[in-house]
Amino acid sequence: RRLTVREVAAAGRALVRFKPETGRTHQLRVHAATGLGIAIAGDPVYGDGVGPMMLHAQSIRIKRAGKDDVFAESPLPERFTAAGF
């Protein structure tokens with residue numbers, strides 16, 4: 001699956017894990033808004049733009065031909081904890 005609901009918090013908010021197959025610009029934002037029918041919280045283009053946009057890359061892996069992959073991880077920012085996650 002390319003989308004998994006990880007956690008549901010107060011006020012009906014959900015922490016969703018997307019696993020995109022490409023790095024296309026803003027694909028997660030447009031797919032959330034049009035495919036799921038609900039924009040990412042705070043999205044100024046597809047949503048209401050109220051508050052910080054709640055989009056975060058937990059990890060990223062970049063495959064390179066003939067070289068080791070580049071991999072990075074990052075914990076959830078404080079704004080996610082403040083939102084109940």
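This report covers the fold, helix H1, the nonpolar core, the largest pocket and the salt bridges of a predicted model.

## Overall layout

The chain has two helices and four strands. Their order from the N terminus is β-β-α-β-β-α. Along the principal axes, the C-alpha atoms fill a box of roughly 45 × 25 × 25 Å.

Burial is stated as a share of the chain: 15% of the 85 residues count as buried. Contact range is given for pairs at least 6 apart in sequence. Of these contacts, 24% join residues at least 24 apart.

## Helix H1

H1 spans residues 27-36. Its buried residues are Gln27, Arg29, Ala32 and Ala33. Which strand do the buried residues of H1 pack against? They pack against E2, residues 14-18. After the helix comes Gly37, with a positive phi near 85°.

Gln27 belongs to H1. Its relative accessible area is 15%, so Gln27 is buried; the cut-off for that class is under 20%. Setting aside residues up to four places away in sequence, Gln27 touches Pro20, Glu21 and Thr22.

## Nonpolar core

The largest nonpolar core holds six residues. They are Ala9, Leu15, Met54, Phe80, Ala83 and Phe85. As a general background, nonpolar side chains in soluble globular proteins tend to be buried together.

Phe80 is a member of this core. What does Phe80 contact, leaving aside neighbours within four places in sequence? The partners are Leu15, Met54, Leu55, His56 and Phe85. Among them, Leu15, Met54 and Phe85 also belong to the core.

## Largest pocket

The largest pocket contains about 1,600 Å³ of space. It is lined by 48 residues. Closest to the pocket centre are Val16, Phe18, Leu28, Leu55 and His56. Leu55 and His56 also appear among the contacts of Phe80.

Four elements give two or more residues to the lining: E2, H1, strand E3 (59-64) and helix H2 (78-82). E2 is also the strand that the buried residues of H1 pack against. By class, the lining has 24 nonpolar, 13 polar and eleven charged residues.

## Salt bridges

How many salt bridges does a search of the whole structure find? The search finds three. One of them pairs Asp43 with Arg29, with the closest N and O atoms 2.7 Å apart. This pair links distant parts of the chain, 14 residues apart. Asp43 sits in the loop between H1 and E3, and Arg29 in helix H1. Both partners are buried.

Asp69 takes part in the other pairs. With Arg61, the closest N and O atoms are 3.7 Å apart. With Lys63, the closest N and O atoms are 3.9 Å apart. Arg61, Lys63 and Asp69 are thus linked in a network of salt bridges. Are the members of this network buried or exposed? Arg61 counts as partly exposed because its relative accessibility is 47%. Asp69 is partly exposed because its relative accessible area is 34%. Lys63 is exposed because its relative accessible area is 67%, and the cut-off for exposed is over 50%.

Methods. Residues numbered from 1 in each chain as written. Predicted model: local features only at pLDDT ≥ 70, side-chain atom pairs only at ≥ 80, totals over all residues. Heavy atoms only, no water. Buried < 20%, exposed > 50% of the residue type's maximum accessible area, 1.4 Å probe, protein only. Contact = heavy atoms within 4.5 Å. 1 Å grid on protein atoms, 1.4 Å probe; cavity = no way out; pocket = protein on both sides within 12 Å on 5 of 7 lines; lining within 4 Å. Points joined across faces, edges and corners; volume = space filled by probe spheres on them. Nonpolar A, V, L, I, M, F, W, Y, C, P; charged D, E, K, R; others polar. Core = buried A, V, L, I, M, F, W, Y, C linked by side-chain atoms within 4.5 Å. Salt bridge = Lys/Arg side-chain N within 4 Å of Asp/Glu carboxyl O.
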